[in-house]
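Biologist: I am new to this protein and would like a close look at a single part of it, described slowly and with the terms explained along the way.

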Amino acid sequence: MKKNVIVGQSGGPTAVINASLYGVVYEALNREDSFGAVYGMINGIEGFLAGHYMDMEPLERSGELELIKTTPGSYLGSCRYKLPEDLDDPVYPELMEKLNALNIGYFFYIGGNDSMDTVSKLSRYAAKTGSDIKFIGIPKTIDNDLVETDHTPGFGSAAKFIASTVREITLDASVYDNKKSVTIVEIMGRHAGWLTAASALARKFEGDNPVLIYLPEAAFDQEAFLQKVEEALEQTPNLVVCISEGIHDKDGTFICEFASDVGVDAFGHKMLAGSGKYLENLIKERLGIKVRSVELNVSQRCSSTMLSGTDQKEAIASGAFGVKCALEGETGKMIAFKRIQDKPYTIDYVTTDVNHVCNREKTVPAEWITREGTDVGDAFIDYAKPLIQGEVHVPMEEGVPMFAYRRTV
């Protein structure tokens, strides 16, 4: 009897997380000789525990599956549910019982670091109990902070959005050229500054805005920052500064913490916001010049208007490759990208032990950060530029994007 497939999504969405879902579902549905039914977990592992899942096959017949490729958000819904560290916890046999009841032989989880932690725990529990279910992680995160892979699906599209939006902001900021002004753009990134570094792709020439770029990999000094701003204003009166939300001082205190209390999410991560507003007020009080802050917020991860063709293609391919690897017997693995060369840009799809991925973070290399922690160099540009290439046609309906919506009752 053929085994069934189940796939879920977890953590924060990206513009291409549904492209990865498409890759898994399309590949599995078109291997009828190898698989039985293909199910989707509603709201990830947490929803599945509550008995929520759906049959994915009708989506292919209706044409909805094709629409999923350009739909942002998580089509199946997401969760931030952390499985217990203790593999003897009763939640594990409960999960296995539910998977076995559906005759699941192949389990795919699309997500970031915490999702890979889920794949790790489930695959280790399966090995411990003699289960033959294959567990595969499909990577996603706009933060680009997963180790063991050159980059992650979601980063390219977010980087394209940031580069494009910062270029637009720069033009807007340059309208009034007779007075000094500062525009601070706050970009997502708790400990890794990949997204903020992408703002450098907005530049059209040497010395163009954003003149100053601050990543969390380098300690942030408020006095040095004010001095750099004053110096930059002498050359660029309409100054644009890009910062990561997670910039911190040499003692590890987040800059946003100087302004207000910071809450934590379900995984104990500090929920960061307000660094841009804090620096806006600092410049206003200390330098007395016109200043505003812009927080790009969730638009960085949900914009379909600037999808990277490369990113979407790789997201689909990673999902499909995961299915092939599971069919060949691999388990406890994450799909990864191995870069072959920059020009022409080529990669290989490989697998890596998920236990080497979870609970680790990949940061921007120190040697890529330049000008005393206020910029990034050509090494980053060469790395990131191929990932934002290519445009994607998003189907339109009466002037607005046409997306796939999961029907709920």
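Biologist: Which strands does helix H12 (residues 309–327) lie across?

Modeller: This is a predicted model, in which local features need pLDDT of at least 70 and side-chain atom pairs count only at pLDDT 80 or more, while totals for chains, interfaces and linings use all residues. Residues are numbered from 1 along each chain as its sequence is written, and side-chain values use heavy atoms, leaving out hydrogens and water.

Helix H12 lies across S4, S5, strand S10 (333–341) and S11, and the helix runs at about 45° to S11 (axes are lines fitted to C-alpha atoms, for helices over the stretch in contact, and angles between N-to-C directions run from 0 to 180 degrees; contact means heavy atoms within 4.5 Å). Helices (H or I, at least four residues) and strands (E, at least two) are DSSP runs, numbered from the N terminus.

The strands beneath this helix belong to an open sheet of seven strands, whose order is S3-S2-S1-S4-S5-S10-S11 and whose pairing is mixed (two strands pair if DSSP finds at least two bridges between them). At its edges are strand S3 (53–55) and strand S11 (346–353), each of which pairs on one side only. On average, neighbouring strands of the sheet are turned by 30° against each other, direction ignored. Within the sheet, strand S4 (residues 104–111) and strand S5 (residues 134–139) are joined by six bridges in the parallel sense, and Phe108 has Ile136 in S5 as its bridge partner. Helix H1 (residues 17–29) also packs on this sheet, where it touches strand S1 (4–9), strand S2 (38–41), S4 and S5, and the direction of helix H1 makes about 180° with that of S1. S4 and S5 are thus among the strands met by helix H1, just as they are among those that helix H12 lies across.

For comparison, there is also an open sheet of four strands in the order S7-S8-S6-S9, with parallel pairing. Strand S7 (212–214) and strand S9 (290–295) are its edge strands, each pairing on one side only, and the twist from one strand to the next averages 15°. S7 and strand S8 (residues 238–244) pair in the parallel sense over three bridges, and Leu212 stands opposite Val241 in S8. Packed on this sheet is helix H10 (residues 275–287), which touches strand S6 (181–187), S8 and S9, and whose direction makes about 160° with that of S6.
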